Amino acid sequence: MSESKNILTDKFNRQHSYLRISLTERCNLRCTYCMPEAGVPLSPKSHLMTYEEVYTIAKTFVDHGVTKIRLTGGEPLVRKDFSTILEKLASLSVELSITSNAVIIDRFIDDLKKYGVKNINVSLDSLNKEKFTHITRRNNFDKVYNNILKLINEDFNVKLNAVLMKDFNEDEIVEFIKFTKNLPISVRFIEFMPFDGNKWDKSKMISYAEVMQYAEEAFNKNDILRLQDAPNDTSKNYKIKGYKGSFAIISSVTNPFCDSCNRLRLTANGQLKNCLFSAEESDLLTTLRQGKSIEPVIKKAIEAKFKIRGGMDTLQKLEKPQLHSKNRSMITIGG
Ligand code: SAM
Ligand code: SF4
């Protein structure tokens, strides 16, 4: 077992126990920060992992020490065999969770419960219907909002992910925090990150420091409680005294959390990414289809992992589009 555990430990002694699996490159929304307006070229179906391949690859990771798997996408629920995948993965000794835009999640509540999914992250970038429609290029606010309330009622642990952008939703930071007053949810503000085709630039980003400034202007400083972050947590967690829920900031740009990174990503077409920001990929699916062991490919990918953000260790490097434009759009990585 110690030999097998080693393949998921990198040269900075980070042990990778968390795998995010993207199930599809497709989505029923079109968030501007996630995919280019013209869409993304989709992989042919034959290049995507079947549910058996998802299971086989996932099992290899679990055998080597992965204890958490998050299903993501694209929108994982648009995949026709989503429930079959869930059923297969539930047979592994692993904690299963999902990230979804929640547009159709009400149809899956029974299956999510049946297969032991408790933690659900939902993207919601605005509490305002018109703004939601603008950012997602789709008119699904009411469905998403009602489904979030439904998930809470059904006792799932719900986290809301809101990507913050200047002149779009920064004026809603305080409203989002107030949303946690009577609801047992965590709202997580995410710094806008650069990916292929999303027209990122630093001036559009709202930083961790700015979120705290908004919070401190709206609430009594003594009522903003810093919470203990979970091990390997990517977020800095806070709570307003007396509120049922909490809020957090995911500051990948201004304050990267690479030191304690335990994450790996598997794209829907079976490529292993050792870092969200890395353009490098390792082809597990082709190796598997050739009937070869994927373990040496995984080992090599982990050994090649950079210390910080796929080698973009300074904000200056991150700001150079030529350094990240080789990376995929978020929709095809799986956030
Ligand atoms: N469709 C699902 C959803 O929206 O929750 C799962 C996939 S989505 C790619 C996963 C997460 O990535 C979402 O919370 C989304 O907000 C986040 N994301 C996408 N593009 C991003 C960007 N440029 N910067 C920061 N977060 C981003
Ligand atoms: Fe779809 Fe999620 Fe990307 Fe929005 S963030 S386009 S919901 S994959």
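Hi everyone. A residue counts as near a molecule if one of its heavy atoms lies within 4 Å of it. In this predicted model, local features need pLDDT of at least 70, side-chain atom pairs count only at pLDDT 80 or more, and totals for chains, interfaces and linings use all residues. Residues are numbered from 1 along each chain as its sequence is written, chains are lettered from A and ligands numbered from 1 in the order in which they are written, and side-chain values use heavy atoms, without hydrogens and water.

So, which residues come nearest to ligand 1? Of the 20 around the ligand, they are Y33, G74, S123, M193 and N198.

Now some polar contacts, meaning pairs of N or O atoms within 3.5 Å. A polar side-chain atom of S123 sits 2.6 Å from an oxygen atom of ligand 1, and a backbone N or O atom of G74 is 3.0 Å from a nitrogen atom of the ligand.

Let's turn to β6, a strand (a DSSP run of E, at least two residues) at 186–191. Six of its six residues are buried, so β6 is largely enclosed by the rest of the structure. Buried here means under 20% relative accessible area, with a 1.4 Å probe and protein chains only. S186, R188 and I190 point one way, while V187, F189 and E191 point the other. In general, side chains in a regular strand alternate between the two faces of the sheet.

What are the partners of β6? Strands pair if DSSP finds at least two bridges between them. β5 pairs with β6 in the parallel sense over six bridges, with N161 opposite R188. β9 also pairs with β6 in the parallel sense, over five bridges, and there S186 faces S246.

Definitions and conventions:
A polar contact is a pair of N or O atoms within 3.5 Å; within protein, one must be able to donate a hydrogen and the other to accept it, and residues adjacent in sequence count only if both atoms are side-chain atoms. Helices (H or I, at least four residues) and strands (E, at least two) are DSSP runs, numbered from the N terminus. Buried means under 20% relative accessible area, exposed over 50%, partly exposed in between (1.4 Å probe, protein chains only).
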